[in-house]
Amino acid sequence: MPDLVAVELDAQEITWEFAPGRSIPGFAFNGEIPGPTIEASVGDTIEVRLRNNLPQPTTIHWHGVRVPAAMDGTEAVQPPVGPGETFEYRFEVPDAGTYWYHSHTNETEQLERGLYGALIVRDPSDPNLDAERILHLDDLKLDPHGDLAPFGDEHEHHAGREGDVRLLNGRQEPDLDIPAGTVERWRIIDTANTRFVRLSIGGRPFTIIGTDGGLLPQPVSATEVLLTPGERVDLAVGPFEERESIELEALPYDRGKGETPRERFATLQVGSPAASSAQVPETLRHIDPLVEEGAEPNRTISLKALMHEGHHQRAEPVRVGDLQVWDLVNETGQDHPFHLHGFFFQIVQENGAMPPFLAWKDTVNVPRKSQTRIAWLPDDRPGEWMYHCHILEHHAMGMMAHFEAVR
Ligand SMILES: [Cu+2]
């Protein structure tokens, strides 16, 4: 039987102690950064009562969840919730997976200050691992005095906002404990404004079991995985040996702004052994490809034009039930993570080549000077939707477009 999951989210100002003795003025849901994890099962209805106790308006976007258009939390579908006001969001969760919720108003500041949390939807057929943890990867940009750096300088507009303080679950480079011999499900979310994370777990092999829109058809072995802002990945991690100390770090990556150094997000400390009954099945689920190989696009989106045309761009409507095949062409000198609101897509081609595996996605990095073909099917949720670059400073500069889904 589906349940009703009722949640109260109180957006408020807090003192965010991101490291012992170091704090900044943060924005938080219910006083926590990340905000409380919302957990539900497939088919449940989530009802969230947002109370805005911030000194500025806010809204909540349910990133990846196939909500009705009116519940999407954007300026296109609701007036911002002013200070002292409330708003009720109500929607069903039709798909299992790792999602997140975050402010969709003055995002560059509100997400940097901590207004985000995880939304987890479970299914009885989820694989059984020994434990589960949620990892929010983020960063903070401070000024030379250790205060929050001012927002919106010219450099940020172009390059995005990245800081030197790397956070895992709202804390600077924390230690995580894991019992030896166990295998955990890690649900990882890149909640940063701009930071790309080419994640490595001490170079150890791990198994990718899911992406933005839930489980993959089959598990995929890897030693690194790239997360760009907005993206999620679910991994099976472990087993490790007692007394090992393993760094979770970002490997060097060049998103068009020069190669970053290796950077630590956290350290995994392996404790005494525990019994394991973890099993990753060889088949996780079935995904039907939406299109045949070589399907031709019916729309081309120039990310350069999207970036430079500024606000109030309106794209052609899509009709419910009409298959969409879009070419995302990035002629610019930097990578852009493209986020489609409200619908999952499949990656059909990356620079003409088949992607390594079939998956449901709502955010995809389109590397500089490359193109990515996606396919998606507008299901029967008419209304106002949008797509945008998930580098929040680019979104704020107008790298976005509204479109309508019509019957
Ligand atoms: Cu961008």
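## Two loop residues with positive phi

Let's start in the loop between strand 10 (165-168) and strand 11 (171-172), which is where Asn169 sits. This is a predicted model, and in it Asn169 has a positive phi of about 50°, although Asn169 is not a glycine. Is Asn169 buried, partly exposed or exposed? Asn169 counts as partly exposed, with 25% relative accessibility.

Lys369 tells a similar kind of story. Its phi is also positive, near 50°, and again the residue is something other than glycine. You'll find Lys369 in the loop between strand 26 and strand 27. At 59% relative accessibility, Lys369 counts as exposed, because the cut-off for that label is over 50%.

## Strand 27 and its partners

Step past the Lys369 loop and you come to strand 27, which covers residues 370-376. Six of its seven residues are buried, so strand 27 is largely enclosed by the rest of the structure.

Which strands does it pair with? One is strand 23 (residues 324-330), which pairs with strand 27 in the antiparallel sense over seven bridges. To see an example of a bridge here, look at Asn330, whose partner in strand 27 is Ser370. Another is strand 25, joined to strand 27 by four bridges, and these two strands also run antiparallel. Here you can pick out Glu350, which has Thr372 as its bridge partner in strand 27. Keep Glu350 in mind, since that residue comes back when we get to the pockets.

## The copper site

Which residues hold the copper ion? The ion is coordinated by His336 through ND1, Cys389 through SG and His394 through ND1, at 2.1 Å. If you read along the sequence, the spacing of these donor residues is H-x52-C-x4-H. His336 lies in strand 24 (residues 336-340) and Cys389 in strand 28 (residues 383-389), so this pair ties together parts that are 53 residues apart in sequence.

What about burial? His336 is buried, with a relative accessible area of just 1%. Cys389 counts as buried too, at 3% relative accessibility. Both labels follow because buried means under 20% relative accessible area.

## A four-stranded sheet

Now move to another part of the chain. Four strands form an open sheet in the order 3-8-7-5, and the pairing in it is mixed. Strand 3 (35-41) and strand 5 (60-63) stand at the edges with a single partner strand each, so one side of each has no neighbour in the sheet. From one strand to the next, the twist averages 20°.

As a reminder, strands of a sheet pair through backbone hydrogen bonds, either parallel or antiparallel. In this sheet, strand 5 and strand 7 (residues 97-103) run antiparallel and are joined by four bridges. For one of the pairs, find His63 and look across to its bridge partner in strand 7, Trp100.

## Two cis peptide bonds

There are a couple of cis peptide bonds to look for, and each leads into a proline. Ile33 and Pro34 are joined by a cis bond with an omega of about -5°. Pro34 has its place in the loop between strand 2 (22-29) and strand 3, and strand 3 is an edge strand of the sheet we just met.

The bond from Gly238 to Pro239 is cis as well, with omega near 5°. Pro239 lies in the loop between strand 18 and strand 19.

## The two largest pockets

How many residues line the largest pocket? There are 25, and those nearest its centre are Leu226, Glu231, Glu350, Phe357 and Lys361. So here is Glu350 again, the residue bridged to Thr372. The pocket has a volume of about 560 Å³. Strand 15 (206-211), strand 17 (225-227), strand 18 (232-237), strand 25 (346-350) and strand 26 (363-366) each supply at least two residues of the lining. By class, the lining has 15 nonpolar, five polar and five charged residues.

The second largest pocket has a volume of about 290 Å³. Its lining is made of 17 residues, with Glu162, Gly163, Arg195, Thr260 and Glu263 nearest the centre. Strand 14 (197-201) and strand 19 (245-251) each give at least two residues to that lining. In this second pocket the classes come out as six nonpolar, three polar and eight charged.

Methods
Residues numbered from 1 in each chain as written. Predicted model: local features only at pLDDT ≥ 70, side-chain atom pairs only at ≥ 80, totals over all residues. Heavy atoms only, no water. 1 Å grid on protein atoms, 1.4 Å probe; cavity = no way out; pocket = protein on both sides within 12 Å on 5 of 7 lines; lining within 4 Å. Points joined across faces, edges and corners; volume = space filled by probe spheres on them. Nonpolar A, V, L, I, M, F, W, Y, C, P; charged D, E, K, R; others polar. Donors = N, O, S within 2.8 Å, 3.2 Å for Na, K, Ca; no water. Buried < 20%, exposed > 50% of the residue type's maximum accessible area, 1.4 Å probe, protein only. Pairing = 2+ DSSP bridges. Axes fitted to C-alpha atoms, helices over the stretch in contact; angles between N-to-C directions.
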